[in-house]
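The following note is offered to a colleague beginning the study of protein structure. Please keep the sequence and the model in view while reading the numbered points.

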Amino acid sequence: MAKFLTDREENYAQWYNDLVIKADLAENSAVRGCMVIKPYGYAIWEKIQAGLDKMFKDTGHVNAYFPLFIPKSFLSREAAHVEGFAKECAVVTHYRLKTDESGKGIVVDPTAKLEEELIIRPTSETIIWNSYKNWIQSYRDLPILINQWANVVRWEMRTRLFLRTAEFLWQEGHTAHATSQEAVEETERMINVYADFAKEHMALPVIKGYKTENERFAGAVDTYTIEALMQDGKALQAGTSHFLGQNFAKAFDVQFTDRTGKLEYVWATSWGVSTRMVGALIMAHSDNNGLVLPPRIAPLQAVIVPIFKTDEQLQLISEKAREIMTGLQNAGISVKYDDRDNLKPGFKFADYELKGVPVRIAIGPRDIENGTVELARRDTLQKETVPAQGLPERLKDLFIEIQASIYNKALNFRDDNTYKTDDWKEFTDIIENRGGFVLAHWDGTTETEEKIKEETKATIRCIPFDSTEEDGLCIYSGKPSKRRVVFARSY
RNA sequence: CGGGGUGUAGCGCAGCCCGGUUAGCGCAUCUGGUUUGGGACCAGAGGGUCGCAGGUUCGAAUCCUGCCACCCCGACCA
């Protein structure tokens with residue numbers, strides 16, 4: 001198990017790849033662009049799922065499941081929507097295989113052609129709204145607040161583990177409302193849920209804002225986003241929430257009778273986050289020793305490593321370790337006792353650091369004598385010897401401290417890498433040489449946005465919700481602008 | 001889809017130019033022993049359709065043709 005990472009400073013992309021592989025999170029599969037999420041990586045995703053799912057339920061949503069396949073005709077009902085996804089759809093054309101004429105191998109049976117091809121969902125608006133049509137007659141049927149956990153496929157040309165894969169896991173919320181205002185409120189509520197989750201669970205500071213028309217979801221009236229900054233200075237869109245207006249209601253003819261007896265089209269939202277979150281987590285916090293996981297997301301929050309020379313010592317230590325482990329488990333802490341006797345403690349230390357386990361507890365003969373244990377924090381790599389007594393409480397406090405510390409570190413990094421400029425030269429210099437978020441004026445046109453993208457590869461990540469009105473001149477065109485927007489190169 | 005690279009044991013690679021013993025090394029695995037407060041050591045053992053398919057040749061991991069897969073860099077994207 002040679003597992004030394006490429007240094008982050010030397011080659012960030014390689015460091016990321018090494019980390020994903022060596023921390024045993026995921027690997028490439030036999031299918032181009034698709035990954036195998038390994039148990040440890042999946043455990044992180046499950047923590048993300050659990051945290052978000054609770055927040056969805058707490059805000060009145062329920063889970064359901066819709067088909068993987070979408071009739072081709074559905075996708076084309078909404079013009080902008082199909083336009084946005086057409087280029088990356090996998091299509092099912094046949095439903096049967098048969099043995100090859102030559103007797104070897106297997107081929108598609110040409111007589112088993114589907115009358116209407118099926119699209120593997122790149123997102124589920126169309127299939128869901130086709131159902132909602134049947135579910136909604138009256139304002140009394142509204143709102144519908146449904147989420148689904150699912151896989152989707154977008155046939156990407158270039159993929160990277162967790163950040164962009166042809167198939168990925170996500171959740172997609174799809175809600176239906178009687179009024180525009182209610183739908184807009186839902187859209188805002190969910191982007192706030194995402195931002196809170198990112199902050200509280202993932203220790204990831206994000207900027208909430210509007211997408212420009214150019215970056216908007218295909219078929220949306222408005223797209224809200226949370227944007228996070230990675231350690232290499234590139235932005236990552238970590239979640240989006242869309243106000244869909246009546247676009248899908250009209251496309252699928254979903255009308256309802258309102259209180260006054262008038263027939264109206266339903267208002268819609270959709271919102272999602274994906275396994276990309278795992279990539280965000282890795283790139284935001286980890287270091288050259290491996291993953292750094294915030295305690296609230298870590299599948300394993302603490303690990304106990306025994307240090308011993310003789311079997312008698314191991315027995316004594318194991319007894320104590322199990323007692324400690326039970327105490328921690330009773331306090332709701334996820335902990336493992338690693339008593340493998342074929343590996344040296346040093347190896348285990350390095351391994352759990354690679355895996356990002358927030359706290360390591362080492363117990364040796366000295367500790368047994370003194371009634372102590374050695375605690376090591378993954379985030380700061382600091383070690384201290386503490387009394388074995390009252391460990392559950394100590395750890396709970398420590399987790400809170402670590403969680404906050406990781407968040408603050410990320411926040412400071414973002415602040416240190418957020419620039420404000422009104423000078424084009426400086427703008428290009430920052431984008432090219434330093435990275436990070438650049439707050440600059442923009443004239444509001446897609447044309448300018450595209451030009452800037454062409455020349456610098458920077459895109460408008462969002463127009464922050466909390467941006468203040470400020471008269472200025474567009475960084476590129478010099479035309480008047482009312483507010484600054486966030487530029488960055490992005491994943 | 002364009003450019004570059006790689007495919008040899010579970011993983012990482014050497015061998016290929018210049019064809020010729022039984023295809024080799026490190027890590028991992030297994031066995032035995034000694035070790036264990038920051039990535040242990042010794043001894044032994046097992047493990048291979050050399051990416052696939054053709055061709056050249058007395059003989060191919062090595063040369064030729066075709067195909068496939070994956071990785072990296074660009075055009076598109078959560």
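**Notes on the predicted model**

1. Asn417 is placed in the loop between α12 and β22 (418–420). The structure under review is a predicted model. With a relative accessible area of 14%, Asn417 is buried, since the cut-off for that class is under 20%. Leaving aside residues up to four places away in sequence, Asn417 touches Leu229, Gly435, Gly436 and Phe437.

2. The helix before this loop, α12, spans residues 391–416 and contains Asn408. In contrast to the buried Asn417, Asn408 counts as partly exposed, at 39% relative accessibility. The C-alpha atoms of Asn408 and Thr260 are separated by 52 Å, and the two residues are 148 residues apart along the chain.

3. The domain assignment of chain A gives domain 1 (21–285), domain 2 (302–401) and domain 3 (418–488). How many Å separate the centres of domain 2 and domain 3? Taken over C-alpha atoms, the separation is 49 Å.

4. The largest nonpolar core has 60 residues. Leu25, Ile48, Phe162, Leu204, Met230 and Ile282 are the residues with the most contacts inside this core. Domain 1 (21–285) and domain 2 (302–401) each supply at least three residues to the core. Apart from this core lies another, of 28 residues, including Trp129, Ile136, Ala249 and Ala268.

5. Met230 deserves a separate look. Not counting residues up to four places away in sequence, Met230 touches Tyr12, Leu204, Leu236, Ala280, Met283, Ala284, Phe413 and Tyr491. Among these partners, Tyr12 is also one of the buried residues of helix α1 (residues 12–22).

6. Which residues of helix α1 are buried? They are Tyr12, Trp15, Tyr16, Asp18, Leu19 and Val20. In an α-helix there are 3.6 residues a turn, so residues three or four places apart point the same way. The buried residues of α1 pack against β1 (26–28), α8 and α10 (345–354). After α1 comes Asp24, which has a positive phi, near 65°.

7. Helix α8 also packs with helix α2 (residues 39–58), at an angle of about 105° and with the two axes 10 Å apart. The two helices are therefore roughly perpendicular, because angles of 65 to 115 degrees fall in that class. At the contact, Ile44, Trp45 and Ile48 in α2 meet Met277, Val278 and Leu281 in α8. Ile48 was named above among the residues with the most contacts inside the largest nonpolar core.

8. Charged side chains should be considered next. Side chains of opposite charge can pair when their charged atoms come close. The structure holds 28 salt bridges. One of them joins Arg378 and Asp287, with the closest N and O atoms 2.7 Å apart. Arg378 lies in the loop between β20 (372–377) and β21 (383–387), and Asp287 in the loop between α8 (276–285) and β17 (302–306), so the pair ties together parts that are 91 residues apart in sequence. Both partners are buried: Arg378 has 2% relative accessibility, and Asp287 has a relative accessible area of 13%.

9. Two further pairs may be set beside one another. Lys355 forms a salt bridge with Asp351, the closest N and O atoms being 3.9 Å apart, and both residues are buried. Arg434 and Asp429 form a salt bridge at 3.8 Å, N to O. Here Arg434 is partly exposed, at 42% relative accessibility, and Asp429 is partly exposed, at 31%. In addition, a network of salt bridges links Lys211, Glu215, Glu227 and Arg461.

10. Some details of the backbone merit inspection. The peptide bond from Leu142 to Pro143 is cis, with omega near -5°. Pro143 lies in the loop between α5 (125–135) and β9 (144–153).

11. Is Asp253 buried or partly exposed? Asp253 is partly exposed, with a relative accessible area of 37%. Its place is in the loop between α7 (247–251) and β14 (255–257), and its phi is positive, near 55°. Lys457 likewise has a positive phi, near 65°. Lys457 is in the loop between α14 (446–456) and β24 (459–464). With a relative accessible area of 61%, Lys457 is exposed, as this value is over 50%.

Key. Residues are numbered from 1 along each chain as its sequence is written. Chains are lettered from A and ligands numbered from 1 in the order in which they are written. This is a predicted model: local features need pLDDT of at least 70, side-chain atom pairs count only at pLDDT 80 or more; totals for chains, interfaces and linings use all residues. Side-chain values use heavy atoms; hydrogens and water are left out. A salt bridge is a side-chain nitrogen of Lys or Arg within 4 Å of a carboxyl oxygen of Asp or Glu. Helices (H or I, at least four residues) and strands (E, at least two) are DSSP runs, numbered from the N terminus. Buried means under 20% relative accessible area, exposed over 50%, partly exposed in between (1.4 Å probe, protein chains only). A nonpolar core is a set of buried Ala, Val, Leu, Ile, Met, Phe, Trp, Tyr and Cys residues joined through side-chain atoms within 4.5 Å. Domain bounds come from an automatic or database domain assignment. Contact means heavy atoms within 4.5 Å. Axes are lines fitted to C-alpha atoms, for helices over the stretch in contact, and angles run from 0 to 180 degrees between N-to-C directions. Angles under 35 degrees count as roughly parallel, over 145 as roughly antiparallel, 65 to 115 as roughly perpendicular and the rest as oblique.
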